[in-house]
Amino acid sequence: MAVPDDGPSRTSTKDAPLLDDRTDPVPGIDLARPELHRTIDLHAVFTDLRRDHPVFWHGPKSHAGFWSVTRHADTVRVYRDTDTFSATHGMTLDTLRPELDPGAGMMVEVTDPPEHRRLRRSIGAFFSAGAVSTMAPAIDDLVVRLLTDIRDRDEPVDFVRAVASRIPTHVAGLLLGLPPEDLDWITSRTSQVFLAGADASRAATADLREQAAQANAELLGYFSKLVRASRRRRSDVRGLVQRLAEGTGDREGLNTAEVILNSLNLAIAGTQTTRSSLSNMMLALIQFPDAFQALRKDPTLVPTAVEEAVRWANPVRHLARVATRDVELGGARIRAGDPVVVWPFSANRDEAVFRLPHVFDIRRYPNPHIGFATGTHSCPGSGLARAQMRTTLTRLVELFADADLADAPQLVQSNFLLGYERLPVRYTAAASVPRLSAQATDGDRPGADFATRDAPNGSSRTTEGM
Ligand code: HEM
């Protein structure tokens with residue numbers, strides 16, 4: 001991949017769209033088509049778009065037309081200005097609709113303020129730094145178990161199956177209070193919701209969309225039963241589902257439909273993104289062996305490496321909004337009712353914000369990536385996701401001396417998720433493993449935000465080339 005040497009300032013907006021210009025600058029490229037994201041390196045395309053068409057009209061192709069936002073600053077503006085850019089019409093290209101989303105006003109992700117505040121307050125307590133710390137020992141136990149199993153088997157493994165899909169589902173089970181025997185079924189359904197079915201390479205997009213709708217309906221039925229059962233009888237399991245269900249009589253609490261929808265939302269939002277982040281991080285370590293070795297020598301680099309992994313291969317490619325009023329953004333005139341799609345996949349490689357954005361730099365600091373969004377809808381699960389990624393990375397570099405691809409990785413077929421369906425890896429065990437029974441080095445501060453805090457290892461330096 002070419003490394004553009006532009007400095008941090010924006011240089012050219014030549015050919016930027018004129019106000020009201022709805023000429024599609026990429027008529028031959030359909031950014032909404034899931035297959036495209038699997039077959040082309042879109043970073044080169046987005047580099048050109050950020051320079052020449054920061055906000056442009058993507059004409060109707062596989063999906064209805066929408067404004068496309070490619071730069072970091074404009075994306076942040078869309079995230080933060082919820083009065084102008086509403087989330088109530090669906091959050092992805094596949095669920096976006098002219099009318100309100102059926103979950104609007106009830107499900108946190110598709111609800112705008114002021115209603116959003118009540119919903120977010122109800123689930124927020126489950127994500128406090130204290131709540132995440134409580135889960136840290138269980139996360140560490142699981143990670144150690146999965147990785148020592150790989151080491152002991154001493155043969156190539158599919159990292160997605162063996163590790164990346166198992167950790168987030170287990171953690172979502174703990175958080176939500178899901179019966180362990182249901183977790184495999186939940187994993188299989190949540191992985192279909194973003195058109196990421198196991199046989200995605202063979203299935204047509206329309207079939208995948210049908211499968212996604214079906215999986216969503218099945219999950220809704222599952223959570224509906226679980227919540228209603230939790231309301232009827234007090235259970236020994238004390239997860240989010242049970243505690244929210246018991247609060248449904250309370251005027252400040254969520255009603256039954258809201259508990260069901262938000263539990264479903266958490267199960268989907270928490271598992272697929274984290275699974276993708278873990279597999280993307282593993283692949284980055286294979287592609288940049290110097291980074292792997294640097295982390296082995298100095299595990300205090302783990303927190304900044306995790307932030308860089310999220311920036312470098314942002315699991316959320318895009319998010320959707322609808323304009324509530326006429327507004328100018330990045331030189332384009334957006335009309336009330338127009339769909340607006342931000343591409344954090346592109347924003348996190350914006351050369352106006354990140355020096356050498358295409359370099360994977362595990363010491364990058366500060367790292368103001370927006371992989372977890374920002375503003376009203378910013379990810380409440382970021383602390384939990386970081387805890388899973390840091391623990392996995394800490395244990396990986398402790399247990400293994402090296403890792404290599406055993407076969408070609410297979411990307412998920414999705415316009416929304418950037419992650420892998422298969423990631424075959426061959427590991428070389430470390431000669432000695434010093435601290436296996438101890439907590440992961442970052443376990444005491446799993447929610448700390450190293451994207452913006454003081455750097456633990458001095459300032460950002462780029463050591464890993466392409
Ligand atoms: C690396 C893993 C993760 C990434 C990259 C990620 C990313 C994001 C992003 C970009 C948003 C903003 C959506 C929007 O603006 O429309 C979001 C929201 C959300 N995330 Fe995450 N997430 C991750 C893990 C988790 C986990 C572990 C949970 C919970 C268990 C979770 C629960 C949620 C919820 C409930 C929202 C909606 C918040 C709201 O609308 O107020 N996420 N996430």
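A residue is taken as buried if 20 or more other C-beta atoms lie within 10 Å of its own. By this criterion, five of the five residues of strand β5 (residues 319-323) are buried, so the strand is largely enclosed by the rest of the structure. The model is a predicted one. Both faces of β5 are covered. Leu319, Arg321 and Ala323 are buried on one side. Ala320 and Val322 are buried on the other.

Strand β5 belongs to an open sheet of five strands. The order in this sheet is β1-β2-β8-β5-β3, and the pairing is mixed. The edge strands are β1 (55-58) and β3, each of which pairs on one side only. Strands of a sheet pair through backbone hydrogen bonds, either parallel or antiparallel. The two pairings of β5 with β3 and β8 can be described in turn. Strand β3 (residues 85-86) runs antiparallel to β5, and two bridges join them. Phe85 has Ala323 as its bridge partner in β5. Ser86 is partnered in β5 by Val322. Strand β8 (residues 339-342) is also antiparallel to β5, to which four bridges join it. Here the bridge partner of Arg321 is Val340 of β8. Arg321 thus appears both among the buried residues of β5 and in the bridging to β8. Val322, on the other face of β5 from Arg321, is the residue that bridges to Ser86.

The chain as a whole has 15 helices and twelve strands. It comprises 466 residues, of which 48% count as buried. Contacts in the chain reach far along the sequence. Among those between residues at least 6 apart, 76% join residues at least 24 apart.

Helix α12 (residues 289-297) was examined for its buried positions. Ala291, Phe292 and Leu295 are buried in this helix. Seen down the axis of α12, its buried residues fall within an arc of 105 degrees, so they line one face of the helix. The cover over these residues includes three helices, α11, α13 (302-312) and α15, and a strand, β9 (400-405).

Two of the helices that cover α12, α11 and α15, also contribute to the surroundings of the ligand. The ligand is surrounded by 27 residues. The closest are Gly270, Thr273, His377, Cys379 and Gly381. The elements that give two or more residues to this shell are α7 (166-176), α11 (256-287) and α15 (382-399). Helix α11 gives the most, with seven residues. By class, the shell has 17 nonpolar residues, eight polar residues and two charged residues.

Backbone geometry shows some notable features in loops. The peptide bond from Pro113 to Pro114 is cis, with omega near 5 degrees. Pro114 is found in the loop between β3 and α4 (115-124). The peptide bond from Tyr365 to Pro366 is likewise cis, with omega near -5 degrees. Pro366 is found in the loop between α14 (344-347) and α15. Ala373 lies in the loop between α14 and α15 as well. Phi of Ala373 is positive, near 65 degrees, in a residue other than glycine. With 19 C-beta neighbours inside 10 Å, Ala373 counts as partly exposed. The cut-off for a buried residue is 20. Asp154 also has a positive phi, of about 55 degrees, although it is not a glycine. This residue is found in the loop between α5 (129-153) and β4 (157-158). Asp154 has 11 C-beta neighbours inside 10 Å and therefore counts as exposed.

Confidence varies along the chain. The average pLDDT is 87, and 85% of the residues score at least 70. Over residues 196-201 the pLDDT is below 50. This stretch has 17 contacts in the model beyond near neighbours in sequence. For residues 437-450 the pLDDT stays under 50 as well. The model has 33 contacts for that stretch beyond four places in sequence. Where pLDDT is low, the predicted coordinates should not be read in detail.

Notes: Residues are numbered from 1 along each chain as its sequence is written. This is a predicted model: local features need pLDDT of at least 70, side-chain atom pairs count only at pLDDT 80 or more; totals for chains, interfaces and linings use all residues. A residue is near a molecule or strand if its C-beta atom, placed from the backbone, lies within 6 Å of it. Ala, Val, Leu, Ile, Met, Phe, Trp, Tyr, Cys and Pro count as nonpolar, Asp, Glu, Lys and Arg as charged, and the others, Gly among them, as polar. A residue is buried if 20 or more other C-beta atoms lie within 10 Å of its own, exposed if 12 or fewer, and partly exposed in between; C-beta atoms are placed from the backbone. Two residues are in contact if their C-beta atoms, placed from the backbone, lie within 7 Å. The arc is that of the directions from the helix axis to the C-beta atoms. Two strands pair if DSSP finds at least two bridges between them. pLDDT is the predictor's confidence in each residue, from 0 to 100.
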